[in-house]
Amino acid sequence: MALAFGWYRGAVIFAASTFWWAPGCGTAGSGDGGASGSATGSDNGNGNGNGDGATETTSPAATGVPGLCESGDDGWISETSGATGSGGGTGGAEDDGFGMDDDMPLLTSVYDINRDNYDTGQRVEVIDVVVTTPVYPSETGAQLEFFVQEQDSGPLSGIRVRTEANLPQTPVQGDVVSIVGQLRGQSGQQAIHVSIDDPLVLTGTTTVPEPIVVSTQDLDDPSSEVAIAYEGVVVRVEAVTVTNPDPCVGEFEVDASVRIDDRFLLDAMPTPADGDGFASVAGPLIYVSDNEYESMEIAPRGGDDINP
């Protein structure tokens, strides 16, 4: 991958000028209000760049991962019907008016995105949010994903970030980043989609916000006020009991309410028996939906997030 470097708000911008798709990945298509395109490419090349003599850290390849059960990738919509922004059918933000046909991103916050202040398809910029999870391949392997959160935390402070290809430098938990991307929606949820041309700016490091304690009963209904407010936020449930040890490969259910997801732990995920208890389970709260079920899941990021 050939990389271009620049300065932005005093930080280094990492942007890719050329790239190669990971195995099995193709150009992400989009339709008029439809789902984003499927991965159809077959290139097997890998790109490696170097920056100012520093050791390059590349992101994990966007390939399929066993154990991820929901098929939510196919439902992320990239364009909006009747967007209010002046960008017209693309749902863009504020066009620059100079005939360049390139919408400038709207400077905003994760809170305002989650308050539905912006349409799907609009380009946004969020500043100095903290990375709360590892970077991992999405369910179908066509994208990479991670979660970010406003540093002061609380309701509506978290959101999923999706990328089209390998990042030139992989963010880690505790990195502070500024992001430009397009809003994409699924079943009322928003994610920020970062294209290969959008800047991902590393501005520092900080402490990842502590998990917010929520009740599993409040998460039983994915449309509940608590579930909506804390989707994308790192939460913790306490004194839970396993009520289904194998609802899906690599997952288990607690309190007949919430699934515990293995997307970060994979083979390190515990395999409890029906009736086993946990003192606490923590991780980002994630809305999932497919043809068979709709649910909230918690995805532990490491061993410290699961306490027997």
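# Strands, cores and ring pairs: exercises

Phe264 has a relative accessible area of 14%, so it is buried. The scale behind that word: buried is under 20% relative accessible area, exposed is over 50%, and partly exposed is in between, with a 1.4 Å probe and protein chains only.

The model you're looking at is predicted, so local features need pLDDT of at least 70 and side-chain atom pairs count only at pLDDT 80 or more, while totals for chains, interfaces and linings use all residues. Residues are numbered from 1 along each chain as its sequence is written, and side-chain values use heavy atoms, with hydrogens and water left out.

## Exercise 1: the overall layout

Work out how many helices and strands the protein has, and what percentage of its residues count as buried.

*Solution.* Start with secondary structure. Helices (H or I, at least four residues) and strands (E, at least two) are DSSP runs, numbered from the N terminus. That gives three helices and 17 strands. Next, burial: 52% of the 308 residues count as buried. Then look at contacts, meaning heavy atoms within 4.5 Å. Take those between residues at least 6 apart in sequence, and 62% of them join residues at least 24 apart.

## Exercise 2: the ring pairs

Search the whole structure for aromatic pairs and say how many there are.

*Solution.* Rings of Phe, Tyr and Trp (its six-membered ring) pair if their centres lie within 6.5 Å; planes under 30 degrees apart make a stacked pair, over 60 an edge-to-face pair, and the rest are tilted. The search turns up two pairs.

Take Tyr136 and Phe264: their ring centres are 4.9 Å apart and their planes sit at 80°, so this pair is edge-to-face. It links distant parts of the chain, with Tyr136 in strand S5 (residues 136-137) and Phe264 in the loop between S14 and S15, 128 residues apart. Tyr136 counts as buried because its relative accessibility is 3%.

Now Phe252 and Phe278: with centres 5.4 Å apart and planes at 15°, the pair is stacked. Phe252 belongs to strand S13 and Phe278 to strand S15, 26 residues apart. Both of these Phe residues are buried.

## Exercise 3: the nonpolar cores

Which residues have the most contacts inside the largest nonpolar core?

*Solution.* A nonpolar core is a set of buried Ala, Val, Leu, Ile, Met, Phe, Trp, Tyr and Cys residues joined through side-chain atoms within 4.5 Å. The largest one has 24 residues, and Tyr230, Val281 and Ile298 have the most contacts inside it. Helix H3 (225-230), strand S12 (234-244), S13, S14, S15 and strand S16 (294-298) each supply at least two residues of this core. A second, separate core of 22 residues includes Val126, Val131, Leu144 and Leu183.

Zoom in on Ile298: leaving aside neighbours within four places in sequence, its contacts include Val235, Val237, Val258, Ile260 and Val281. As background, nonpolar side chains tend to be buried together in soluble globular proteins.

## Exercise 4: strand S8 and its partners

Is strand S8 (residues 175-186) largely enclosed or not, and why?

*Solution.* Go along the strand: 12 of its 12 residues are buried, so S8 is largely enclosed by the rest of the structure. Then check its partners, remembering that two strands pair if DSSP finds at least two bridges between them.

- S4 and S8 run antiparallel, joined by six bridges; Val129 stands opposite Val177 in S8.
- S8 pairs with strand S10 (residues 200-205) in the antiparallel sense over five bridges; Ile179 stands opposite Leu200 in S10.
- S8 pairs with strand S9 (residues 189-194), also antiparallel, over five bridges; Gln186 stands opposite Gln189 in S9.

## Exercise 5: two loop residues with positive phi

Leu156 and Ala256: buried or partly exposed?

*Solution.* Place them. Leu156 is in the loop between strand S6 (144-149) and strand S7 (158-163), while Ala256 is in the loop between strand S13 (252-254) and strand S14 (258-260). Next, the backbone: phi is near 65° for Leu156, positive in a residue other than glycine. For Ala256 phi is near 50°, again positive in a residue other than glycine. Finally, accessibility: Leu156 counts as buried because its value is 18%, whereas Ala256, at 48%, counts as partly exposed.
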